[in-house]
Amino acid sequence: VLGLVSPVGETKQRDPKAKDTQHVGFGKRLMARAEEISREGGFSRIAVIAGIGTREYYRKRGYHLEGTYMVKELPSLVLGLELKSWYIICALIILVASVLLGQTPGVLRS
């Protein structure tokens with residue numbers, strides 16, 4: 001924790017001179033950047049050592065518990081798209097090509 005500790009859900013600053021550093025999105029942005037760097041590095045998973053009190057935070061963000069780590073599977077990206085998006089695009093291309101060629105999808109002739 002950087003700065004004063006703030007209870008979850010508290011929006012009011014206790015000290016008017018103090019600037020709250022909790023519950024303003026720093027953690028979400030840091031984790032999103034860490035996931036992005038991991039994906040760009042070719043990793044398919046990211047693991048965080050998480051104490052019992054922080055595990056729910058990570059669960060809400062798609063992580064699951066493996067031992068003492070909270071782990072998240074990272075989708076593969078190709079040109080900024082998840083791999084499953086590419087599968088859908090390819091299937092649509094095959095379908096359109098099949099219709100244009102008057103063929104049944106999946107049974108294209110050479």
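**Exercise 1.** In which helix do glutamate 36 and arginine 33 both lie, and how many residues apart are they?

*Solution.* The model examined here is a predicted one. Begin with the position in the chain: glutamate 36 and arginine 33 are both part of helix H1, which covers residues 26–40, and they stand 3 residues apart, about one turn of the helix. Next, consider the contact itself, where the two side chains meet in a salt bridge with an N to O distance of 3.1 Å. Finally, classify the accessibility of each partner: glutamate 36 counts as partly exposed because its relative accessibility is 34%, and arginine 33 counts as partly exposed because its value is 40%, given that this class lies between the 20% and 50% cut-offs.

**Exercise 2.** Determine which side chains of strand S1 are buried, and describe how S1 is joined to strand S3.

*Solution.* First, follow the side chains along S1, residues 45–49, where they alternate: Ile46 and Val48 point to one face and are buried, whereas Arg45, Ala47 and Ile49 point to the other face and are not buried. Then turn to the pairing, in which 5 bridges join S1 to S3 (residues 69–73), the two strands running antiparallel. To fix the register at one position, note that alanine 47 stands opposite valine 71 of S3.

**Exercise 3.** Find the salt-bridge partners of arginine 45, and establish which residues form one network.

*Solution.* Start with glutamate 66, which forms a salt bridge with arginine 45 in which the closest N and O atoms are 2.9 Å apart. This pair links distant parts of the chain, since glutamate 66 belongs to strand S2 (residues 64–66) and arginine 45 to strand S1, 21 residues apart. Continue with glutamate 73, which also forms a salt bridge with arginine 45, here with the closest N and O atoms 3.1 Å apart. Because arginine 45 lies in S1 and glutamate 73 in S3, this second pair ties together parts that are 28 residues apart in sequence. Shared partners in these salt bridges therefore place Arg45, Glu66 and Glu73 in one network.

As a last step, assign the accessibility classes: glutamate 66 counts as partly exposed because its relative accessibility is 31%, arginine 45 because its value is 37%, and glutamate 73 because its value is 43%.

**Exercise 4.** How many salt bridges does a search of the whole structure find?

*Solution.* The search finds 5 salt bridges; among them are the pair of glutamate 36 with arginine 33, the pair of glutamate 66 with arginine 45, and the pair of arginine 45 with glutamate 73.

Conventions: Residues are numbered from 1 along each chain as its sequence is written. This is a predicted model: local features need pLDDT of at least 70, side-chain atom pairs count only at pLDDT 80 or more; totals for chains, interfaces and linings use all residues. Side-chain values use heavy atoms; hydrogens and water are left out. Buried means under 20% relative accessible area, exposed over 50%, partly exposed in between (1.4 Å probe, protein chains only). Helices (H or I, at least four residues) and strands (E, at least two) are DSSP runs, numbered from the N terminus. Two strands pair if DSSP finds at least two bridges between them. A salt bridge is a side-chain nitrogen of Lys or Arg within 4 Å of a carboxyl oxygen of Asp or Glu.
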